[in-house]
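Visitor: I have a model open on my screen and would like to walk through it with you. Could we take the sheet to begin with, and then the helices and a few single residues?

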Amino acid sequence: MSITVEELKKLDKHTYQIIDIRDHTEIAHGAIKGAVEIKSEEIENSKEIDTSKKLIICCSRGKFSVEVAETLREKGLDAVSLEGGYIAWLMDKMSEPEEQNKAKDVEQSLRKKFKKAIWSKFAKAINRYELVKPGDRIAVCISGGKDSMLMAKCFQELKLHNKFDFEVKFLVMDPGYNRENRKVIEENARNLDVPITIFESDIFDSVYNVEKSPCYLCARMRRGHLYHFAQELGCNKIALGHHYDDVIETILMGMLYGAQIQTMMPKLHSTNFEGMELIRPLYLVREDDIKAWRDYNGLHFIQCACKFTDTCSTCNNEENRSKRIEIKELIRKLKQSNPYVEGNIFKSVENVNLDTVIAYKKNGEKCHFLERYDKE
């Protein structure tokens with residue numbers, strides 16, 4: 001049994017409770033205000049659940065919620081699935097008049113409320129890592145999520161204050177989005193006054209039948225297409241929306257799961273597209289601050305672009321997503337006893353002492369301490 005968003009809007013708000021069973025990563029990209037966020041298996045025993053009310057079970061697209069609602073009804077609870085899930089709710093929310101034309105308020109929030117937490121850190125990364133130089137033509141790559149859209153608004157603000165000439169293009173690649181996902185991206189861009197250029201590819205179809213590491217292949221292909229179309233627009237750089245938390249999580253994942261010390265660099269030269277660079281302007285911005293900016297402005301973004309899994313936010317497979325969630329939880333626990341742990345992880349790759357390292361790689365070649373030990 002399901003209920004549509006339109007039917008839900010006609011109910012008295014005091015008679016029902018929305019239960020969001022999506023995982024933490026999905027909810028972090030966009031949440032329903034007032035919904036209880038809980039795993040499906042914990043609903044019955046949770047003190048947050050009011051069993052005297054109708055329970056509206058919500059997942060990403062109304063697929064998994066059907067079975068959960070049915071199980072709860074079998075146990076005597078009044079539960080229904082939200083038809084279309086979070087995406088259906090989001091599409092309806094974005095059609096409301098108050099959701100239109102938020103650009104001015106969003107821009108003002110970056111100059112005032114989030115000047116220290118976001119704008120100053122964005123500008124600091126630009127300057128510290130020399131991400132933008134005179135004459136640059138930068139393709140700001142927008143995936144549809146909170147990070148890339150914030151980056152777009154920051155670049156618009158930077159253009160107002162730039163001390164030298166550079167150009168910005170706002171690039172959206174459609175690798176085969178669902179109709180709803182594409183519409184959300186287009187509506188957000190319009191409401192936030194971001195003039196996007198959309199180009200299409202068939203990447204999703206190309207990897208659909210790939211059994212081994214399709215997500216990895218998809219990510220590589222998307223990066224290549226972004227470089228290619230950015231070049232066609234006359235750009236020499238692409239900008240991606242990775243933030244500070246992505247950096248420290250990558251460091252720990254490399255150590256604990258990859259047996260190597262490496263980091264997500266603030267900028268990289270492309271190895272396959274001559275003259276092209278990749279830059280990460282949100283390198284110093286915290287994810288919690290991005291969420292706060294999103295919620296303060298009442299913005300709603302897609303969490304997932306993949307039309308096959310509907311759960312893939314970073315084009316990693318389920319195993320890698322689980323690892324990243326484990327790393328997030330590990331950092332959270334470490335922070336309870338050491339409030340500086342995040343900063344220490346970040347700074348650790350800035351303070352590598354090669355005199356106390358057994359071996360390291362330089363330009364792809366491995367160097368071992370024994371090679372120089374007796375010569376010193």
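Visitor: In which sense do strand E6 and strand E7 pair, and over how many bridges?

Guide: Bearing in mind that this is a predicted model, strand E6 (residues 137–141) and strand E7 (residues 167–174) pair in the parallel sense, over five bridges. Within that pairing, Cys141 stands opposite Leu171 in E7.

Visitor: And what is the strand order in the open sheet of six strands?

Guide: The order is E8-E7-E6-E9-E11-E10, and the pairing in this open sheet is mixed. Strand E8 (196–200) and strand E10 (267–269) are the edge strands, each of which pairs on one side only. On average, neighbouring strands of this sheet are turned by 25 degrees against each other, direction ignored.

Visitor: Which strands does helix H8 lie across?

Guide: Helix H8 (residues 179–191) lies across E7 and E8, and its direction is at about 160 degrees to that of E8.

Visitor: Asn181 caught my eye; where does it lie, and is it buried or exposed?

Guide: Asn181 lies in helix H8, and it counts as buried because its relative accessible area is 0%, where the cut-off is under 20%. The side chain of Asn181 is joined to that of Arg61 by a polar contact of 3.4 Å.

Visitor: Switching to helix packing, at what angle do the axes of H6 and H7 cross?

Guide: The axes of helix H6 (residues 115–128) and helix H7 (residues 146–161) cross at roughly 75 degrees and come within 11 Å. Since angles of 65 to 115 degrees count as roughly perpendicular, that is the term for H6 and H7.

Visitor: Which residues meet there?

Guide: From H6, Ile118, Trp119, Phe122 and Ile126 meet a set in H7 made up of Leu150, Cys154, Phe155, Glu157, Leu158 and His161.

Visitor: Cys154 again makes me think of cysteines; how many disulfides are there?

Guide: The count comes to zero disulfides, taking a pair of cysteine sulfur atoms within 2.5 Å as the rule. As for accessibility, Cys154 is buried, with a relative accessible area of 0%, and Cys367 also counts as buried, at 19% relative accessibility.

Visitor: One last residue: where is Gly343, and how far is it from Tyr244?

Guide: Gly343 is in helix H14 (residues 341–348), and its relative accessible area of 24% makes it partly exposed. Gly343 and Tyr244 are 99 residues apart in sequence, while their C-alpha atoms are 9.6 Å apart in space.

Technical notes: Residues numbered from 1 in each chain as written. Predicted model: local features only at pLDDT ≥ 70, side-chain atom pairs only at ≥ 80, totals over all residues. Heavy atoms only, no water. Pairing = 2+ DSSP bridges. Helix = DSSP H or I, 4+ residues; strand = E, 2+ residues; numbered from the N terminus. Axes fitted to C-alpha atoms, helices over the stretch in contact; angles between N-to-C directions. Contact = heavy atoms within 4.5 Å. Buried < 20%, exposed > 50% of the residue type's maximum accessible area, 1.4 Å probe, protein only. Polar contact = N/O pair within 3.5 Å; in protein donor to acceptor, adjacent residues only side chain to side chain. Parallel < 35°, antiparallel > 145°, perpendicular 65-115°, else oblique.
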